[in-house]
Amino acid sequence: MSPLSLSSLLAIGASVVLTLLLVAGFAAQTVAVAG
Amino acid sequence: MTDYADPGWYVARAAGLTAWWLATTAVLWGLLLSSRFLGHRATPAWLADLHRTLGTLTVVFSLVHVAAAGLSDHFDLGPVALLVPFVPHPRTAPAAWGIVTLYLLLAIAVTSALRRRVPHRLWRYVHLTSFLVFVGATVHAFLAGSDAHTGWMRGSAVAAGTAALFLAVYRVAVGRRQTRVVDAALSAARSAAADPPTPTFHRLTVAAVEPVADDAVTVAFDVPPTLADSYRYLPGQHVTIRATVDGEELRRSYSICAGLGDGELRIGVRHLPGGRMSGFVQRWAAGDTVEVMTPAGTFTDLPNSLSRRHVLGIAAGSGITPVLAVARSVLTVEPHSRVTVVYGNRTPESTMFHAALTALAARHPERLRVVHVYSDPGVRSGRTDDARGAGRRIDGDLLRELDLLPADHAYLCGPAPMIDAVRDTLLEAGMAADRVRFELYGAPRTAAGGRGAGTVTVLADGGVAELAVAAGESILDAALRQGVDIPYSCQAGACGTCRVRLVSGAVSGGADADGRILACQAGLASRTAAIDLSSDRTSV
């Protein structure tokens, strides 16, 4: 198994960060609507 | 009714969207790679495995999406409704699109992970359903998604759909053209094997000169349609360049690096310190015209689309050039075969075709393995290099360590010590001698011992000539001295251009199993001898 390339590491990091940002955004949006 | 404290709902939406974007990017990147939309330029090492990673991430985020949806009170779906399509519930249709798409995605992931073990055709057909995954995921996102009404999501779908459609059409067009090019090149190679073209020099125009290492270039030639038949070649063959440099006529052989299907005649040239011809070639530019002999050489491989074999290419330095042509051709023509290239160099910077090999491995991740071996002890290998440490050379121990033996065919090209060491190991591992082909690079001129004086009769299509050969002189040297043309190039016994048939008499070193000798190496071992240039060679 060869080590991951830089682009793969970037893709993993970006998708995790994006998902967390979306979760935070959805939560904030829902709270704002509820407020 | 929306539950404002439902983390499962947020995670399901976020992971679903991320998976959708990842799937789209994986499909687009796969199309870019397979259609060579980015051109013949090599994919940089840092992008090599991106397609596979995007696919794996798509699976991971899809599973997170499903798990979070199961935990969310918002959807209120049990395991059966989550995993079995068409189970009746309020969202049966939107969920079914997602579930069926998930199973297709898993099928693609499993066949890709087992690619070496499943039939190529099965992998290919399953992989083609990636487009259905893209469509299914998009429909699921818009039918079931809580964010389907937003402008950014509609924009994403339109942009991704347009790009995928454009690239898919482009890919199909490229594939059809590629099939035609490969078929034509294969047919030309078969004919070159059965009926070698007569060695003749023609003036060709340089189409492009591109660097492939700090001190090496590739040179592509424009072959006019009228000469296409003369320049048909087998992977592994070389051409001889003839040029007058500083008032002296020089000839040098350079291997063809293009594979069947690349649709071009391209050679690799490393600039040797003090090398007059290689220095001359480095100054060439597109538009120059140069004298190029028709392809020749016996270090060849004729691929067959039905073959299922492991081809081992072992090269050092510029010896990679013919091995690369063989590897490219096998990978293009033989979908069931795999190739391992073990490649020795001093440093990564001095490695010819480093980027081209990385790109080839990215296009055929399951079928091509490239192992770099660096002799400079100070080298630190890159992240994606399958490098066997530094300060090492290619030898039998290394091949055993890599667990590559025995292979079905082996092609060795490099200096004599490497070939000697590796060839013995391959034969000891049980490989038949006729399946271990080798070509020497940088072979020294052999000693003149055993060469006697006498007369050689040269039979050619144009007539008969008598050559007086002096003691210690090779037949080629005698021919050059007396103005008799025999095809030649390296004059070192390495390129095989001067291989001619011995009709009668005896020569130093003897003839090979086909009754042929290398005129640049052979001297007379009998008072008289006759050689025939007309059977497969005529004078140039």
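The legends below describe close-up views of chain B in a predicted model.

**View 1. The largest cavity of the predicted structure and the residues that line it.**
The structure holds three cavities of 30 Å³ or more, and the largest cavity contains about 620 Å³ of space. A total of 32 residues line this largest cavity, and those closest to its centre are Gly16(B), His65(B), Gly98(B), His140(B) and Ala144(B). When the lining of the largest cavity is sorted by residue character, it divides into 20 nonpolar residues, nine polar ones and three charged ones.

**View 2. The helices around the largest cavity.**
Which elements give two or more residues to the lining of the largest cavity? In chain B they are α1 (7-34), α2 (50-71), α3 (79-83), α4 (92-113) and α6 (130-144). The largest share of this lining, seven residues, comes from α1(B).

**View 3. Leu82(B) in helix α3 and Phe86(B) in the loop that follows between α3 and α4 of chain B.**
Leu82(B) lies in helix α3 of chain B, which is also one of the elements that give two or more residues to the lining of the largest cavity. Is Leu82(B) buried or exposed? Its relative accessibility is 16%, and because buried means under 20%, Leu82(B) counts as buried. The C-alpha atoms of Leu82(B) and Ala95(B) are separated by 7.5 Å, while the two residues are 13 residues apart along the chain. Phe86(B), in the loop between α3 and α4 of chain B, has a relative accessibility of 60% and so counts as exposed. Phi of Phe86(B) is near 70°, which is a positive value in a residue other than glycine.

**View 4. The packing of helices α4 and α5 of chain B.**
Two packed helices are described by the angle between their axes and by the distance between the axes. The axes of α4(B) and helix α5 (residues 120-128) of chain B come within 9 Å and cross at roughly 150°. Because an angle over 145 degrees counts as roughly antiparallel, α4(B) and α5(B) are roughly antiparallel to each other. The crossing of these two helices, α4(B) and α5(B), is left-handed.

**View 5. Helix α9 of chain B, with Leu324(B) and the crossing with helix α10.**
Leu324(B) has its place in helix α9 (residues 320-333) of chain B, and with a relative accessibility of 1% it counts as buried. Leu324(B) and Ser255(B) are 69 residues apart in sequence, and their C-alpha atoms are 9.8 Å apart in space. How do α9(B) and helix α10 (residues 354-363) of chain B pass one another, and at what angle do their axes cross? The axes come within 12 Å and cross at roughly 15°. Because an angle under 35 degrees counts as roughly parallel, α9(B) and α10(B) are roughly parallel to each other. α9(B) passes α10(B) in a left-handed crossing.

**View 6. Asp246(B), a residue with positive phi in the loop between β3 and β4 of chain B.**
The loop that holds Asp246(B) runs between β3 (238-245) and β4 (248-255) of chain B. Phi of Asp246(B) is near 50°, a positive value in a residue that is not glycine. Asp246(B) has a relative accessibility of 71% and therefore counts as exposed.

**View 7. The cis peptide bond from Leu405(B) to Pro406(B).**
Is the peptide bond that joins Leu405(B) to Pro406(B) cis or trans? This bond is cis, and its omega is near -10°. Pro406(B) is found in the loop between α11 (396-402) and β11 (409-414) of chain B.

Key
Residues numbered from 1 in each chain as written. Chains lettered and ligands numbered in written order. Predicted model: local features only at pLDDT ≥ 70, side-chain atom pairs only at ≥ 80, totals over all residues. Heavy atoms only, no water. 1 Å grid on protein atoms, 1.4 Å probe; cavity = no way out; pocket = protein on both sides within 12 Å on 5 of 7 lines; lining within 4 Å. Points joined across faces, edges and corners; volume = space filled by probe spheres on them. Helix = DSSP H or I, 4+ residues; strand = E, 2+ residues; numbered from the N terminus. Nonpolar A, V, L, I, M, F, W, Y, C, P; charged D, E, K, R; others polar. Buried < 20%, exposed > 50% of the residue type's maximum accessible area, 1.4 Å probe, protein only. Axes fitted to C-alpha atoms, helices over the stretch in contact; angles between N-to-C directions. Parallel < 35°, antiparallel > 145°, perpendicular 65-115°, else oblique. Left-handed = near helix turned anticlockwise from the far one by under 90°.
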